[in-house]
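User: I'm new to this one. Can you walk me through it?
Analyst: Sure, let's look at it together.

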Amino acid sequence: MEIHRFEKLWVALALLLIVGFIGTVTYGAVGAGVKMVDESGGTVDANALNDHPRFGEPGTYQVGENEYEVYVVARQFLFEPGTNEPIRVPAGSTVTFHITSSDVIHGFEVAGTNINTMVIPGQVTQITVRFEESRSYGIICHEYCGAAHHTMEGQLQVVPPSDFSSADLQNPAVADRDAPVNDADTEEEDE
């Protein structure tokens, strides 16, 4: 059976695309560290976020030397904090973001970084990042969340450690480091 040279060319191109697709997915998972949102962040009651010890007062919490946790609530059409006031963290620190939504599905992307996730009501997404340099980043919602979705944006400021102060923290005294941070933690303590 003779195969026309154009058919051979298209078969070769199709195989090349398949290999390229598999290579891209493999690079994203292994090389770039792209991973799926899992259940490690736990869950919270999306209708009672104001009663939550951290999501009730979202912001930056210091949990160790050069270690911070940032609690962010996404709601139509803002990030709290982020939109009305920027999220501020010091350069050279390790930051774990805990993000949830109080209403509908949102997106949370810090432009120019690998921080990019879907935000689901009641599901807490955890992302840990180390910021080495001082810089400002834009935060955008990339999931259509309503009529004013295009206005949902915020800002993350990585500032020099000398410019970072206790005024940027929700817990300047690091007093409630061991407080439960999600409903799953509370349930475990009750047992």
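User: Start with D168. Is it buried or exposed?
Analyst: D168 counts as buried, because its relative accessibility is 18%. Buried means under 20% relative accessible area, exposed means over 50%, and partly exposed is in between (1.4 Å probe, protein chains only).

User: What does D168 form a salt bridge with?
Analyst: With R88; the closest N and O atoms are 2.9 Å apart. A salt bridge here is a side-chain nitrogen of Lys or Arg within 4 Å of a carboxyl oxygen of Asp or Glu.

User: Where do the two sit in the chain?
Analyst: D168 is in the loop between β10 and α2 (183-190), and R88 is in strand β4. They are 80 residues apart, so the pair links distant parts of the chain. R88 counts as partly exposed, at 23% relative accessibility.

User: Before I go on, what kind of model is this?
Analyst: It is a predicted model: local features need pLDDT of at least 70, side-chain atom pairs count only at pLDDT 80 or more, and totals for chains, interfaces and linings use all residues. Residues are numbered from 1 along each chain as its sequence is written, and side-chain values use heavy atoms, leaving out hydrogens and water.

User: OK. How many helices and strands are there?
Analyst: The protein chain has two helices and 10 strands. From the N terminus, the order is α-β-β-β-β-β-β-β-β-β-β-α. Helices (H or I, at least four residues) and strands (E, at least two) are DSSP runs, numbered from the N terminus.

User: Back to salt bridges. How many in total?
Analyst: Four. One of them joins the side chains of E69 and R54, at 3.4 Å from N to O. E69 lies in strand β2 and R54 in the loop between α1 and β1, so this pair ties together parts 15 residues apart in sequence. R54 is buried, with a relative accessible area of 0%. E69 is buried too, at 18%.

User: Any other pair?
Analyst: E80 and R75 meet through their side chains at 2.4 Å, N to O. E80 is partly exposed at 32%, and R75 is partly exposed at 24%.

User: Which peptide bond starting at E80 is cis?
Analyst: The one from E80 to P81, with omega near 0°. P81 is in the loop between β3 and β4 (87-90). Another cis bond joins Q76 and F77. Most peptide bonds are trans.

User: New topic. How many residues does the largest nonpolar core have?
Analyst: It has 28 residues. Those with the most contacts inside it include F79, V89, F97 and F108. β2 gives the largest share, four residues. A nonpolar core is a set of buried Ala, Val, Leu, Ile, Met, Phe, Trp, Tyr and Cys residues joined through side-chain atoms within 4.5 Å.

User: What does F108 touch?
Analyst: Leaving out residues up to four places away in sequence, its contacts (heavy atoms within 4.5 Å) include V72, F79, F97, I115 and H142.

User: And on the surface, which residues make the nonpolar patch?
Analyst: V11, L15, I18, F21, I22 and V25 make a patch of about 600 Å². L15 is in helix α1 (residues 5-31). Patches are made of residues with over 30% relative accessible area and no salt bridge: like charges are joined within 9 Å, nonpolar side chains (Val, Leu, Ile, Met, Phe, Trp, Tyr) within 5 Å. Accessible areas come from the Shrake-Rupley method with a 1.4 Å probe; for residues, only the protein chains shown count as cover.
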